[in-house]
Amino acid sequence: MLVLLAIGEGGLRIAPPRTVQPYLVDDDRLGPFKSDPHYGVQYRSWDSFRDDYKDGLKPHEILFTPNPPKSWAMFGSSFVHADGMLADTTRKYITNRHVFNLGRNEFLYVRAAQIELLLENGLRPERIVFTMQPLDAAVFAHQTVSMVHAGPNGAQSFDPRLPSVGAGLIRNSRLALAGWVRADLQHAVPFYKPAELVDRVHPVIHSELEALLQRIGEVTAKHHVPVTVLLLPNFEQITRGAGFAFQVDATALAIAAGLDVCDIRAPFVNFADKPALFIPDKHFSAIGNRIVLAELLKHFHAVGTATDVQLPEGFPG
């Protein structure tokens, strides 16, 4: 038994599983990050960020020149970045704004870190659109910001949640750590189901989201860049009558942080042909994205901004 345990321990030290690597103290994966108290991680430098996003930044170099065009900077998940989603739809129908987006998914706290870094290095959009759905905030059930740090070589790494008894064993044994991770016990809220966010926002998620939105509010106020938090409904909320606990909670937190909020649930919930709103993977279809854009612009006009931007007659149909 001791020999088998030694072989297992040695094997996991030589070739740790991909699921375990982010939790290792000596995680040797490469990455662009340094540890940060506000976001868990921040890019080591502007150059490291540019190297990490060399393709994503290329179409937006004009925004870092002395006389940039008016722009909207969009941060979010694949509902913003993927082909044909919100960023592409906005570019297609709005020609008098440059649409900035980076084209890649990141955790919610990394998106916020990117905002601060970009503003510190000269990006001055007319408005930031910070898009969220319930699933985005579920990351905080996996790891709170205090559990996130940069590994020795710059990769995004995590401190596992540890038990009150046996913490030393998990810290020092790869076998014990692998078992802890395989059992899904390393997370801030073990066994959390993201679907719960439509009915109830866990206190851990609430407090983490509150701190993050407060930080975004402070940073963007410092640089005089307004933010609209765009809250998108998910498939279950639109088609299955799921609740909107996340949107209610996020709205209150964003307003308390001094941020503008656009919650566009109504036109989706009231849409007659709900299957037409989605493509097979449950991202929004072309009509779904046009509805998002129409509601976002309607909101901008209601708060007195972007009044020179118009959509084609009959839009979004």
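Colleague: Why are helices α6 and α11 called roughly parallel to each other?

Modeller: In this predicted model, the axes of α6, residues 108-120, and α11, residues 203-222, cross at roughly 10 degrees. An angle under 35 degrees counts as roughly parallel, so α6 and α11 earn that description. Their axes also come within 10 Å.

Colleague: Which residues make the contact of α6 and α11?

Modeller: From α6 there are L108, Y109, A112, I115, E116 and L119. From α11 come L209, L212, R215, I216, V219 and T220. Sorted by class, these residues of the contact are nine nonpolar, one polar and two charged.

Colleague: How do you know whether T220 is buried or exposed?

Modeller: Look at its relative accessible area, which is 3%. Buried means under 20%, so T220, a residue of helix α11, is buried. Leaving aside residues up to four places away in sequence, T220 touches I115, L119, I128, V225, V227 and L259.

Colleague: And A252, what makes it partly exposed?

Modeller: The relative accessible area of A252 is 46%. Partly exposed covers the range between under 20% and over 50%, so A252 belongs there. You will find A252 in helix α13, residues 245-256. To place it in the fold, its C-alpha atom is 29 Å from that of H149, a residue 103 places away along the chain.

Colleague: Let's turn to another helix pair. Why are α5 and α15 called roughly perpendicular to each other?

Modeller: The axes of α5, residues 86-93, and α15 cross at roughly 70 degrees. Angles of 65 to 115 degrees count as roughly perpendicular, so the name suits α5 and α15. Their axes come within 9 Å. L86, T89, T90 and Y93 of α5 meet N289, R290, V292 and L293 of α15. By class, this contact of α5 with α15 has four nonpolar, three polar and one charged residues.

Colleague: How many residues of α15 are buried?

Modeller: The count is 13 of its 17 residues, so α15 is described as mostly covered. Helix α15 runs over residues 286-302. From its first C-alpha to its last it reaches 24 Å, close to the 24 Å expected at 1.5 Å a residue.

Colleague: What comes just after α15?

Modeller: G304 is there, with a positive phi of about 85 degrees. The segment after α15 also holds A306, whose phi is near 55 degrees, a positive value in a residue other than glycine. A306 has 5% relative accessibility, under the 20% limit, and therefore counts as buried. P316 is in the segment after α15 as well, and a cis peptide bond joins F315 and P316, with omega about 15 degrees.

Colleague: Where is F191 found, and what is its phi?

Modeller: F191 is in the loop between α10, residues 174-182, and α11. Its phi is near 65 degrees, a positive value in a residue other than glycine.

Colleague: Now for the aromatic rings. What makes F75 and F100 a tilted pair?

Modeller: A pair of aromatic rings is described by the distance of the centres and the angle of the planes. For F75 and F100 the centres are 6.2 Å apart and the planes are at 50 degrees. Rings pair if their centres lie within 6.5 Å, and angles from 30 to 60 degrees are left for the tilted class, so F75 and F100 are a tilted pair. The pair links distant parts of the chain, 25 residues apart: F75 is in strand β3, residues 71-75, and F100 in strand β4, residues 98-100. F75 and F100 are both buried.

Colleague: Why, then, is the pair of F235 and F278 called edge-to-face?

Modeller: Here the ring centres are 4.9 Å apart and the planes are at 70 degrees. An angle over 60 degrees counts as edge-to-face, so F235 and F278 fit that class. F235 lies in helix α12, residues 235-239, and F278 in the loop between α14 and α15, so the pair ties together parts 43 residues apart in sequence. F235 and F278 are both buried.

Colleague: How many aromatic pairs does the count come to?

Modeller: The count comes to 15 aromatic pairs. There is also an aromatic cluster for you to find in the structure, formed by F33, Y43, W46, F49, Y53 and F64.

Notes
Residues numbered from 1 in each chain as written. Predicted model: local features only at pLDDT ≥ 70, side-chain atom pairs only at ≥ 80, totals over all residues. Heavy atoms only, no water. Axes fitted to C-alpha atoms, helices over the stretch in contact; angles between N-to-C directions. Helix = DSSP H or I, 4+ residues; strand = E, 2+ residues; numbered from the N terminus. Parallel < 35°, antiparallel > 145°, perpendicular 65-115°, else oblique. Contact = heavy atoms within 4.5 Å. Nonpolar A, V, L, I, M, F, W, Y, C, P; charged D, E, K, R; others polar. Buried < 20%, exposed > 50% of the residue type's maximum accessible area, 1.4 Å probe, protein only. Expected span 1.5 Å × (residues − 1). Phe/Tyr/Trp six-rings, centres within 6.5 Å; stacked < 30°, edge-to-face > 60°.
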